[in-house]
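Me: I'd like to practise reading a fold from its basic numbers. Can you walk me through one?

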Amino acid sequence: MKKRIILDVDMGSDDTVCLWLAMLHRKIKVDGITLVHGNTTMENVRKNIFKALDMINQNGKVKVYEGESSPIKDYGFNTDDDAHGSNGFSGLIYDEVPGKIEEISAIDYLINHVNNNPHKITIIAVGPLTNIAKAILKDKNFAKNIKELIIMGGAENYGNITPYAEFNFYKDPAAAKIVFNAPITKIVMMGYNITKKVFIDHQMEKLLKNSTNLKARFLYDISRSCAKISIESGAAKGATINDAINICYLINKSCVLLQKCSIDIETQNLERLAESKVNYPKKGNCFILKDVNKRKCQQIIFNTIFPELKKEFKKVI
Ligand code: BDR
Ligand code: CA
C-alpha cells in the first residue's frame with residue numbers, strides 16, 4: 001500500500017528534489033502540498049511550486065494550499081536566507097507556470113485531512129514549522145491524529161545559521177517548540193548535521209550540467225546557490241539535498257540510522273535560540289537521525305527522478 005503524505009515545503013532547491021522524489025515514487029501518494037515561508041517569500045514559493053510540478057508534468061495533479069508567510073514570533077534577528085539565492089531557485093529566471101491555489105488555507109487543510117483520516121497521514125515538513133504549529137494550536141485533535149511527522153530541521157550540537165541553530169528551526173523557533181511539545185505519536189527529526197552528508201557530488205553535478213535533459217539542467221541551475229554556500233561554509237562538497245532524506249527514509253528505512261530520544265527547542269536563551277536539545281531517555285516520542293547511507297539515498301533519489309539517465313548516473317553514484 002502507498003504511504004499517504006502531506007508535503008509542507010518552502011521551495012528551495014532541496015525542497016524541489018524532495019517534491020520530485022515524493023511525486024514520482026511508486027510507494028508514495030502525495031495527498032496535498034502545503035506552502036510555507038522560509039527559503040524565500042510566499043510569492044516566490046507559490047511561483048516555484050508550480051514550476052517544479054510542471055517540470056515533472058504533475059502540475060494540476062495534486063492540490064496546493066497556501067500557508068503562513070511569517071513566523072509565529074519575530075525574535076528580531078535577521079533570518080533572511082541566502083542559501084537558495086534571491087528567489088529560492090538561485091536567482092534563476094524562468095517562464096512562470098500558472099497553477100491553482102486551493103481556497104482553504106494550508107492550516108485548515110492540514111486539520112481537516114488529518115482528522116478525517118486519523119493515524120493514516122504522514123506529514124513531511126521541510127521548511128519552518130509555522131503551518132504545523134498553527135494547526136496544532138487551532139485544533140486539539142490534529143496532533144494526536146497524525147500518523148508520523150517527519151521533519152527536516154534542527155541539528156544535534158551543530159548549526160548552519162548560528163553554532164547552535166539550523167535554518168528551518170531558526171526561522172520560527174516558537175513553532176518548533178510547539179511542535180516538539182505536542183502529543184504527536186511519532187516525530188522523526190532529520191537534523192542538518194547528518195543530512196548534509198548527502199549532496200550532489202562533483203561528477204553528478206557535471207552530469208546534470210552537461211545533460212540535454214531539461215529536468216537535469218534545471219536542477220543544476222536552481223542548486224547553484226546551495227552548492228556555493230555548502231562549499232564555502234565547509235558543510236559539504238556540493239549542493240546538499242537535505243529535504244529529500246525524509247522521503248528516502250519513507251521509501252527504504254535501511255538508508256538511515258535513527259535513535260529514540262526526546263527533543264526540546266531553546267526559545268529563552270537568545271544566544272542559543274532554536275537549538276534542538278536532544279536527550280536519550282528510554283521513553284519518548286521522537287527519533288533523531290544519527291547516520292545516513294549517502295550512496296543509497298543518492299541512488300533512490302536520482303534513479304527515481306531521472307529513470308532516463310539511470311545508466312549515466314550508475315557511473316557516478
Ligand atoms: C534546510 O533549510 C533550507 O535551506 C533547506 O531547504 C532545508 O530545508 C536546511 O537547513
Ligand atoms: Ca526546505
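**Reading the fold**

Reply: Sure. Start with the secondary structure: the protein chain has 14 helices and nine strands. Keep in mind that this is a predicted model.

Me: Next, overall shape. Why is the protein chain as compact as a globular protein of that length?

Reply: Compare the radius of gyration with the globule rule. Here the radius of gyration is 18 Å, close to the 20 Å that the rule gives for 317 residues, so the protein chain is as compact as a globular protein of that length. Along the principal axes, its C-alpha atoms fill a box of roughly 50 × 40 × 40 Å.

Me: What share of the residues count as buried?

Reply: Buried means under 20% relative accessible area. By that cut-off, 60% of the 317 residues qualify. As for the outside, about 13,400 Å² is exposed, with carbon and sulfur atoms supplying 48% of it.

Me: And how much of the contacts comes from residues 24 or more positions apart?

Reply: Take the contacts with a separation of 6 or more: residues 24 or more positions apart account for 80% of them.

Me: How far apart are the mean positions of the positive and negative charges?

Reply: There are 45 positive and 35 negative charges, and their mean positions lie 10 Å apart.

Me: Let's zoom in on one helix. Which residues of α11 are buried?

Reply: Helix α11 covers residues 224–233, and S225, C226, A227 and S230 are buried in it. Those buried residues pack against α1 (13–24) and α9 (202–210).

Me: What follows α11?

Reply: G234 does, with a positive phi near 80°.

Methods. Residues numbered from 1 in each chain as written. Chains lettered and ligands numbered in written order. Predicted model: local features only at pLDDT ≥ 70, side-chain atom pairs only at ≥ 80, totals over all residues. Heavy atoms only, no water. Helix = DSSP H or I, 4+ residues; strand = E, 2+ residues; numbered from the N terminus. Rg over C-alpha atoms; globule rule 2.2 N^0.38 Å. Buried < 20%, exposed > 50% of the residue type's maximum accessible area, 1.4 Å probe, protein only. Contact = heavy atoms within 4.5 Å. Areas by Shrake-Rupley, 256 points an atom, 1.4 Å probe, with all protein chains shown as cover. Lys, Arg positive; Asp, Glu negative; His and termini not counted. Charge placed at Lys NZ, Arg CZ, Asp CG, Glu CD.
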